[in-house]
Amino acid sequence: MDHLDKLEQQSIFIIREAFHKIERLAMLWSVGKDSQTILWLARKAFFGHVPFPCVFMETNFDMPELVELRDRLTKEWNLNLIVARNEEARAAGMNYTQGRVNCCSALLKENLKKTVEKHNFGGLIVGVRRDEDPTRAKERYFSPRDKHMEWNVEDQPPELWDQFNTDLAGGTHLRVHPLLHWTEMNIREYAERENIPNVPLYFAKNGRRYRSLGCVPCTFAIDSHADTHAAIREELRHTKKSERSVRAQDQESEDAFEKLRRDGYM
């Protein structure tokens, strides 16, 4: 058993624990590289079938390549897809020119809150990793959110010997993070080994590629000639830039991402 097998087994165990213990479980599916890994692991955990809904948070500024892959895999893998939209904010013309953090709050955070309330979800599987951002390093595998979707970073439950707390007060829900112990390098290694379908924007074309994917106006490509998983891994070994340095909303203030996370952002 190599390191990828160990990562895979731990993540599958967490996904199965979540399915066993949480009523009305769903998975947030952005179709990005981490989200694709989670979906792949879920299919492995349940022998090719995903037994809970996959929720795509549609903003009106989604990359067409993400939507194309989403629709194709939904049909091929027989997924229960929920496309969630904040119609009020979209109708009011919410966009990044009104402040990128404000836009994320309306089109993603508030959208998610409405979706959780509408479907009464008790838990959401999310593809976040500790190495991606210092704020995410404070997470637990099973992390409670209160009825306002807020995350109390100072009050995180202990997780010892793979024992996860799922006994929560009324009105709260859990975020489940099966990839918390993975790194960006692990994601690339696993995607190549498993041949996981990924959006082609991650691979360099004409000297540019995307390292992270989000909304079109707020996500920027990097200079790169890495057009294979192996080339991307070699690039990662030498870069000193953070993965989220290409996300414009994180640059609005020093603590912008932590504020979004505390308020319920993914």
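Cys104 is buried in this predicted model, and its relative accessible area is 8%. Its neighbour in the chain, Cys103, is also buried, at 9%. Two cysteines side by side raise the matter of bonding. A disulfide is a covalent bond between the sulfur atoms of two cysteines. To count as one here, the two sulfur atoms must lie within 2.5 Å of each other. Why does Cys104 not form such a bond? The cysteine sulfur closest to that of Cys104 belongs to Cys103, and it is 6.1 Å away, so the gap is too far for a bond. The reverse also holds: for Cys103, the closest cysteine sulfur is the one in Cys104, at 6.1 Å, again too far. The count of disulfides in the model is zero.

Both cysteines belong to helix α5, and both are among its buried residues. This helix covers residues 100–119, which makes 20 residues. From its first C-alpha to its last, α5 reaches 27 Å, close to the 28 Å expected at 1.5 Å a residue. The helix nevertheless has a kink of about 30 degrees, centred on Ala106. Ala106 is itself buried. The buried residues of α5 also include Val101, Leu107, Leu108, Leu112 and Val116, along with Ser105, Lys109, Asn111 and Thr115. Just after the helix comes Asn120, which takes a positive phi of about 55 degrees.

Another cysteine, Cys54, leads to the strands. Cys54 sits in strand β2, which spans residues 54–57. Which residues of β2 lie on each of its faces? Cys54 and Phe56 are on one side, Val55 and Met57 are on the other, and all of them are buried, so both faces of the strand are covered.

Strand β2 has a partner in β1, residues 25–28; the two run parallel and are joined by two bridges. Within this pairing, Leu28 stands opposite Val55. To get from β1 to β2, the chain passes through helix α2, residues 33–45, and this β-α-β crossover is right-handed.

Strand β2 also pairs with β3, residues 81–84. How many bridges join β2 to β3? There are four, and these strands run parallel as well. Here Cys54 has Leu81 of β3 as its bridge partner. Helix α3, residues 64–76, forms a β-α-β unit with β2 and β3, and this unit is right-handed.

Strand β2 can thus be followed in both directions: it is bridged to β1 and to β3, and its residues Cys54, Val55, Phe56 and Met57 are buried.

Technical notes
Residues are numbered from 1 along each chain as its sequence is written. This is a predicted model: local features need pLDDT of at least 70, side-chain atom pairs count only at pLDDT 80 or more; totals for chains, interfaces and linings use all residues. Side-chain values use heavy atoms; hydrogens and water are left out. Buried means under 20% relative accessible area, exposed over 50%, partly exposed in between (1.4 Å probe, protein chains only). Two strands pair if DSSP finds at least two bridges between them. A crossover is right-handed if, with the strands pointing away from the viewer, the path from the first strand over the helix to the second runs clockwise. The expected span of a helix is 1.5 Å times one less than its number of residues. The bend at a residue is the angle between axes fitted to the seven residues ending there and the seven starting there.
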